[in-house]
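Thanks for sharing this one. Here are a few notes to read alongside the model.

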Amino acid sequence: MAEHASHSISSRKQPKQARATELVAAILEAAVQVLATEGAQRFTTTRVAERAGVSVGSLYQYFPNKAALLFRLQSDEWRRTGDLLHDILQQTGKPPLERLRILVHAFIHSECEEAAVRGALNDAAPLYRDAPEAHAARASGERTVQAFMREALPDAPDAVRALACDLIMTTLSAVGKDFSGSPQTPAEIDTYAGAVADMFCAYLISLGHKG
């Protein structure tokens, strides 16, 4: 029977004991495997439970439906991306453009390494992309990039910095998705990431970055 999207995409409850934490970890690991091999269209809670070796009832204790489970995977991916942005862009001991280059390389390498799962999550996005939780999950990364832009372009008007922030993040996401859609060698990834970084750095310099 087909599963229907629900307005509830939050986890039903949080594990408090070690055994429950291990159960949730096993469910999430199985969910990643099912998503990577079956894709979003064939992703079901039944398949995940079977892969994890648990009952569907045990899965539903923590994830009330397919959308909640997919949203948890997406939230974890957003958190990892947010941590990547923060850890690299907040390294104030390095010049801004050097940090931007490091970020581009790290992001595109990550996109290629996790292409199967990320592609499937993009296919499942209609289940949760307009939910309040989704907007909140993205906000932290956006604040990090905005703070970076204030440092990189201190004399630019707010509207210019906002445009630069949106353009760079939208472009990085789009090119990462497109480039990782087919297998790439490490050398090809480095060459492509270097070209994207050159483009972003030239753009910031054209907006008044002095480094």
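**Notes on the helices and cores**

1. Helix α5 has 18 residues and reaches 26 Å from its first C-alpha to its last, close to the 26 Å expected at 1.5 Å a residue (1.5 Å times one less than the number of residues). Helices here are DSSP runs of H or I, at least four residues, numbered from the N terminus.

2. This is a predicted model, in which local features need pLDDT of at least 70 and side-chain atom pairs count only at pLDDT 80 or more, while totals for chains, interfaces and linings use all residues. Residues are numbered from 1 along each chain as its sequence is written, and side-chain values use heavy atoms, leaving out hydrogens and water.

3. The buried residues of α5 (under 20% relative accessible area, 1.4 Å probe, protein chains only) include L97, L100, V104 and I108. The buried set covers an arc of only 160° around the axis, so these residues lie on the same side of α5 (the arc uses directions from the helix axis to the C-beta atoms).

4. The largest nonpolar core (buried Ala, Val, Leu, Ile, Met, Phe, Trp, Tyr and Cys joined through side-chain atoms within 4.5 Å) has 28 residues, and V104, I108, M149 and L204 have the most contacts inside it. Among the elements giving it two or more residues are α5 and α7, and α9 provides the largest share, seven residues.

5. A second, separate core of 27 residues includes A40, L69, A124 and Y128.

6. Do look at L121 in helix α6: L121 is buried, at 2% relative accessible area. L121 and A40 are 81 residues apart in sequence, yet 6.8 Å apart C-alpha to C-alpha.

Key:
Buried means under 20% relative accessible area, exposed over 50%, partly exposed in between (1.4 Å probe, protein chains only).
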